[in-house]
Amino acid sequence: MKKVNLPLDGSRRWNGKQLAGGAILAFFAAAAFIGPLIAPYPKNDIEFEAWLTPSMKHLLGTDSYGQDVFSQLIYGTQTSFLVGVIAGFITTIIGVLVGLTAGFYRKWVSDALMFIVDLLLIIPVIALMIILASFLPSMGLTSIILVIGLLSWLYMARSIRSQTLSEKQRGYVEAARVVGMSNFEIMTKEILPNLFPIIAANLVSVTTQAVLAEAGLSFLGIGDPRSVSWGTILTLAHTNNAIMYDAWWWIIPPGIAIALFCYGFVLLGNGTLERFRAKRGAQQHFS
Amino acid sequence: MKPLLQVNHVSKAFESGSFLKKTRHNAVKDVSFTLHKGEVLAIVGESGCGKSTLARMIVNLVDPTSGEILLDGRAISRKPRDRKAVAKEIQMIFQDPFETMNPNHRILDVIGRPLQLHGEREDIRKRVLELLQKVGLAPAEDYIDKYASQLSGGQKQRVMIARALGINPRVLVADEPTSMLDVSIGIDIMNLMLDLKNDYELSLIWITHNLGSARYMSDNILIMYGGQVVERGDTEQIIANPQHAYTQTLLDASPNPWRRREE
Amino acid sequence: MGLLDVIDLQVEYAAPNGMFKAVDGVSFSIERGEIFGLAGESGCGKSTTAYAISRLLRPPARLVGGRIVFDGKELTKLQEHEFQSYRWSRISVVLQSAMNNLNPVMRISSQLADVILAHERGITARGAQSRAEQLLALVEIPAAKLSSYPHELSGGMRQRVVIAMAMALRPELIIMDEPTTALDVVTQKGIVNRIIELQKELGFSILFITHDLPLMLEICDRIGIMYAGRMAEVASAEQLLYGARHPYTQGLLRSFPSLTGPRVRIDGIPGSPPNLIMPPAGCRFESRCQHAADACSRIEPSIINDDKGMVACHLYGFREDSYEAVTASQSR
């Protein structure tokens with residue numbers, strides 16, 4: 001019999017969204033790690049005249065302190081990138097661990113874990129971040145990452161738990177039990193891969209939130225004053241009345257960088273989800 | 001001959017509701033039977049008669065409230081650490097092949113993981129190919145890297161049979177494995193299971209609501225109603241000459257094209 | 001001319017990987033007072049046919065050709081609002097899942113009364129209510145249950161309510177798509193018996209769709225067997241039982257293990273239905289057919305209508321180009 005090749009075989013490796021998102025993130029990753037080598041001027045160098053408009057010498061002009069905005073932006077990329085990726089990573093690990101365990105085990109394990117999560121959820125996270133940030137001895141980059149990472153897994157844990165609860169009801173879990181798999185194997189090998197879409201969706205929002213939180217904390221002046229990030233650039237612009245000086249080059253580029261960076265994550269996340277669904281998608285029934 | 005599997009006075013009650021107002025539902029009440037090597041026993045009843053709960057107790061998915069199930073004269077252990085050992089002996093084919101195949105796994109994983117789990121050290125891929133061939137999925141290379149969504153219902157059910165077979169159990173419990181499939185596909189699955197039963201000297205418990213398929217498959221039959229066994233015995237005799245009123249009702253209700261013509 | 005004539009019906013589906021015809025040139029007719037069965041396996045297009053007749057096709061399915069003539073009127077030419085006067089009052093539908101689609105917060109008798117009120121002019125709320133109660137009595141819902149909510153009833157009882165609803169406006173045709181498939185055999189038996197009694201009493205026609213061929217043979221007058229979007233054979237139940245002609249019908253009949261007769265090994269139908277996105281050139285059953293000859297894979301079987309019914313198979317063909325196939329298969 002003649003075989004028909006369906007375009008489901010995963011023959012196409014990447015879809016458009018993944019490529020676009022990946023390209024954006026690769027661009028920022030390059031800027032973060034190679035950037036300091038190619039930045040025109042050293043970090044926090046204040047030897048130039050203030051409020052210079054963009055020119056060939058200063059691609060994005062200078063700020064009120066006489067720092068080259070383009071160079072600062074490149075150094076800032078590193079901070080934002082690290083915060084987003086590491087905080088996202090921490091969040092995912094805790095969120096998946098807690099959510100999966102709470103969803104899989106019944107009764108008291110689940111109840112206890114969810115009690116903790118619910119308790120933490122009613123605390124306003126931004127306020128807690130501000131308080132923690134102001135009490136911690138040094139508010140370096142590490143502290144920022146930890147504060148963001150340790151406080152944003154709650155929603156992730158909740159959504160992973162509810163998805164685990166519904167996956168647990170499905171036939172393949174019972175089938176896995178019958179062949180003799182242990183709870184741990186069922187959780188990690190059977191259920192976890194099916195949680196991928198929900199993890200990816202959460203990861204995207206957590207990472208973007210982390211980048212925004214860092215910018216927000218820096219903007220409020222709680223971040224490490226010595227480190228440079230997109231948030232601190234915006235803070236300085238704000239406190240030095242950049243708007244009144246019409247210094248758009250000081251405000252718009254970091255804003256665009258934040259937005260584009262987050263958009264890259266969203267694109268990559270959505271694209272990956274689409275591919276996942278196309279490959280493993282539900283079979284269509286016709287009658 | 002000593003029976004391979006003995007089910008002794010097994011009952012299962014489910015409790016539901018809050019702790020203030022608990023309701024008990026007796027799904028299975030005092031069921032006993034034996035299964036010999038190479039025997040096919042059909043358990044027939046309508047939905048809610050307890051046949052699926054009984055099956056789940058035999059394969060160690062549900063613990064009985066009372067009674068015991070013996071394999072080779074020894075009670076089946078319900079301890080979590082013995083789960084693998086029980087699985088080695090008793091396997092199950094489920095009703096819904098669309099649900100029991102993990103959508104995220106390739107066929108290779110679906111059949112190969114349990115093989116690894118039970119200590120297969122050989123080339124897993126080669127073993128999986130053999131098993132696929134055995135259940136009629138040929139050429140096996142065409143199937144081994146596919147996902148569940150790329151197979152039809154009948155093919156999925158064959159994969160699930162290959163998976164159970166790979167573990168090399170002695171007892172196979174089949175819980176209505178053809179009820180979600182088209183009839184022409186279903187009959188193929190039944191034939192396959194009969195062939196494999198002979199090849200592997202399996203003992204088969206065939207759970208169904210369809211007396212026709214019970215007659216096709218089994219040597220002996222158990223009719224269940226309301227959690228209890230109402231009639232048991234040789235399949236041919238019971239279908240030809242039912243004693244219990246419920247068996248008679250069930251027979252009368254089964255579609256029979258010849259009936260109208262006879263009137 | 002029958003009550004319903006379906007002529008060369010074509011329904012197209014847009015699937016993620018291409019367009020295909022779920023129903024491709026199906027014709028049959030239903031007489032007044034007849035129970036006509038449509039059987040076939042999943043994907044054969046039997047439900048799609050029912051949906052097309054009752055105008056329930058929704059994208060990605062689309063009616064692309066053929067005629068549906070009901071009582072001399074061509075339904076395919078009617079606008080949606082014109083068809084409204086047919087729905088419920090002349091043609092009604094019972095779907096498999098209908099019993100789960102009853103309004104959960106309305107008592108069953110009120111739901112039924114609502115249908116009557118909405119479609120029948122000049123009836124009072126009181127009148128509708130009493131008609132509803134009569135109808136529920138007709139499908140043997142006990143008087144004590146008349147004002148129950150759907151969740152208080154068993155699946156069988158709910159399906160009886162749905163059937164009462166379908167009969168509410170005395171339609172001439174009731175389309176039943178797997179009406180009892182989700183139910184146990186004993187429940188099914190009760191409902192099917194009642195349907196037949198009512199059909200004899202009230203004289204409506206039924207288009208009965210199921211994959212359960214034994215059940216169909218027991219209750220239907222005539223039966224159409226569909227395969228891969230086409231009609232393979234149409235014949236009376238007796239004719240099918242004693243002498244089915246299409247190899248697919250024969251295979252399907254064989255596939256049901258019987259409760260009587262000798263216990264022998266049954267060979268089902270090997271293989272699986274063709275992919276409808278790229279249907280084979282000749283007979284669609286060719287790859288699974290034990291009588292297949294060379295011509296079968298190349299030439300579409302002609303449709304033979306005779307006193308035994310209709311069959312689309314080269315084995316019975318008299319067309320010049322199918323002669324080859326007949327001789328080839330006979331010489332085996």
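Reader: Which elements of chain B have the lowest and the highest mean pLDDT?
Author: Good place to begin, since this is a predicted model. Where pLDDT is low, the coordinates should not be read in detail. Over chain B the mean pLDDT is 90, and 97% of its residues reach 70 or more. Among the elements of chain B, the lowest mean belongs to helix H11 (residues 257–262), at 65, and the highest, 96, to strand S3 (residues 40–44).

Reader: Thanks! How much area do chain C and chain B bury between them?
Author: Let's start with the residues: 38 of chain C are in contact with 33 of chain B. Carbon and sulfur atoms carry 54% of the buried area. The total that chain C and chain B bury between them is about 3,100 Å².

Reader: Which three residues of chain C supply more of its buried area against chain B than any other three?
Author: Happily, there is a clear trio here. Together these residues supply 24% of the area that chain C buries against chain B. They are C:Glu218, C:Leu259 and C:Arg263.

Reader: And which side chains meet in a salt bridge at 3.1 Å, N to O?
Author: Between chain C and chain B, 15 residue pairs are in polar contact, both residues at pLDDT 80 or more. Across that interface the rule finds two salt bridges. The one at 3.1 Å joins C:Arg265 and B:Asp195.

Reader: Lovely. Which helices of chain C each supply at least two residues of the side that touches chain B?
Author: By class, that side of chain C has 18 nonpolar, nine polar and 11 charged residues. The helices that each supply at least two of its residues are H6 (185–202), H7 (213–219) and H8 (237–243) of chain C.

Terms used: Residues are numbered from 1 along each chain as its sequence is written. Chains are lettered from A and ligands numbered from 1 in the order in which they are written. Side-chain values use heavy atoms; hydrogens and water are left out. Contact means heavy atoms within 4.5 Å. Buried area is the accessible area (1.4 Å probe) that two parts lose on being put together, summed over both. A salt bridge is a side-chain nitrogen of Lys or Arg within 4 Å of a carboxyl oxygen of Asp or Glu. A polar contact is a pair of N or O atoms within 3.5 Å; within protein, one must be able to donate a hydrogen and the other to accept it, and residues adjacent in sequence count only if both atoms are side-chain atoms. Helices (H or I, at least four residues) and strands (E, at least two) are DSSP runs, numbered from the N terminus. Ala, Val, Leu, Ile, Met, Phe, Trp, Tyr, Cys and Pro count as nonpolar, Asp, Glu, Lys and Arg as charged, and the others, Gly among them, as polar. pLDDT is the predictor's confidence in each residue, from 0 to 100.
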